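Student: Could you take one part of this model and look at it closely, and then follow its surroundings outward in one connected account?

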Amino acid sequence: MDILDKIVTAKRLEVARMKEAVPLDVLLGFGQQRFGSATRSMRRALEASPTGIIAEFKRRSPSKGWLCPGAKAGDVVPAYEQAGASACSILTDTPFFGGNYHDLPRVRHQVSLPLLRKDFIIDAYQLYQARVMGADAVLLIAAILTKNECEAFADLARRLGMEVLLEVHSPGELSHLNENVDMLGVNNRHLGTFHTDVENSFRMIRPITSEAGGNAPLLVSESGISDAGTVKKLRDAGFRGFLIGETFMKTGDPAAALAKFIHQLIT
């Protein structure tokens, strides 16, 4: 069993327990006020941004261990906004990434940035949960979903007012693209082995163009980006979003690391 299999197996048990503890009708009652509120467009924010940095908040990684165990979302995410992030990604998975279900709602009222709920979504319940949390967008991972599941989840996310970032790693996963996908993320990290290769984003350009033609969603490069020069090359290749977490979080001062990164990017 590889790392991704372990994560998904644990997630199925976790979601089953959550649904038993807080049934959907109870969850919807908790989030009644949230469903009436507007969301922010992550796609438009990235399109308008000169940098396209999606700064990620995560305390640990399955491959690297703890990055910043004492980090508080209420401190880091507002500081990311001040430092110039275009959007923020917040890990809500606990056992493998050190997140929790309070991080995203805790910062929702503190920032005006679009917020992406990053987790391993395998059940529609998690989409309702994301909306209640205050997420503007959700991550759907092609590697853990069937094409039909991806279409159903993307449609539900759209009806709930959230945008969809579909994550792929290989050309074969591009069949999961559908009309409700707003952004297409190329993960440079193989989720089974956690091996990272930024060249994967460049390799995927041709298959994406072949599959989607001129109707490709906004492109996001995810994982393994550690220097501004790489972002510049990725922008030239057609990417407009760049999801970066470990590069910032491992420094102990994520916002300062982001500010330095952006300075290098625009100079």
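Tutor: Thr51 counts as buried, because its relative accessibility is 4%, and in this predicted model Thr51 belongs to the loop that runs between α4 (42-48) and β1 (53-57). Once its neighbours within four places in sequence are left aside, Thr51 is in contact with Gly84, Ser86, Val231, Arg235, Phe242, Ile262, Leu265 and Ile266.

Some of these partners lead to the aromatic residues. Ile262, one of the contacts of Thr51, falls within helix α12 (residues 254-266), the helix that also holds Phe261. A search of the whole structure finds 3 aromatic pairs. In one of them, Phe248 and Phe261 meet edge-to-face, with 5.7 Å from centre to centre and 85 degrees between the planes. Since Phe248 lies in helix α11 (residues 246-249) and Phe261 in helix α12, this pair ties together parts that are 13 residues apart in sequence. Both Phe248 and Phe261 are buried, and together with Tyr80 they form one aromatic cluster.

Another partner of Thr51, Val231, points to helix α10 (residues 228-237), which packs against helix α9 (residues 199-212) at an angle of about 0 degrees, the two axes being 11 Å apart. The two helices are therefore roughly parallel to each other. On the α9 side the residues in contact are Ser201, Phe202 and Ile205, and these meet Lys233, Leu234 and Ala237 of α10.

Ser201 also belongs to the surroundings of Asn188, whose contacts beyond four places in sequence are His169, His195, Thr196, Asp197, Val198, Asn200, Ser201, Ser221, Glu222 and Ser223. Asn188 is placed in the loop between β8 (183-187) and α9, and counts as buried because its relative accessibility is 1%. With Ser223 there is a polar approach as well, in that the backbone oxygen of Ser223 lies 2.9 Å from a polar atom of the Asn188 side chain.

A further buried loop residue is Phe96, which sits between β4 (87-91) and α6 (103-108) and counts as buried because its relative accessibility is 17%. Leaving aside neighbours within four places in sequence, Phe96 is in contact with Lys6, Ile7, Ala10, Arg60, Ser61 and Pro62. The C-alpha atoms of Phe96 and Arg60 are separated by 7.2 Å, although the two residues are 36 residues apart along the chain. Arg60 in turn places its charged end over the ring of Trp66, 5.4 Å from the ring centre.

Lys6, Ile7 and Ala10, all among the contacts of Phe96, fall within the range of helix α1 (residues 3-21), which also contains Glu20. Glu20, by contrast with the buried residues above, is exposed, because its relative accessible area is 68%. From Glu20 to Ala73 the C-alpha distance is 27 Å, with their positions 53 residues apart in sequence.

Helix α7 (residues 124-133) can be set beside these loops as a covered element, since 9 of its 10 residues are buried, including Tyr125, Leu127, Tyr128, Val132 and Met133. At the N-terminal end of α7, Asp123 acts as a cap, with a side-chain oxygen 2.8 Å from the backbone nitrogen of Tyr125. After α7 comes Gly134, whose phi is positive, near 110 degrees.

Methods. Residues numbered from 1 in each chain as written. Predicted model: local features only at pLDDT ≥ 70, side-chain atom pairs only at ≥ 80, totals over all residues. Heavy atoms only, no water. Phe/Tyr/Trp six-rings, centres within 6.5 Å; stacked < 30°, edge-to-face > 60°. Helix = DSSP H or I, 4+ residues; strand = E, 2+ residues; numbered from the N terminus. Buried < 20%, exposed > 50% of the residue type's maximum accessible area, 1.4 Å probe, protein only. Lys NZ or Arg CZ within 6 Å of the ring centre and 35° of its normal. Polar contact = N/O pair within 3.5 Å; in protein donor to acceptor, adjacent residues only side chain to side chain. Axes fitted to C-alpha atoms, helices over the stretch in contact; angles between N-to-C directions. Parallel < 35°, antiparallel > 145°, perpendicular 65-115°, else oblique. Contact = heavy atoms within 4.5 Å.
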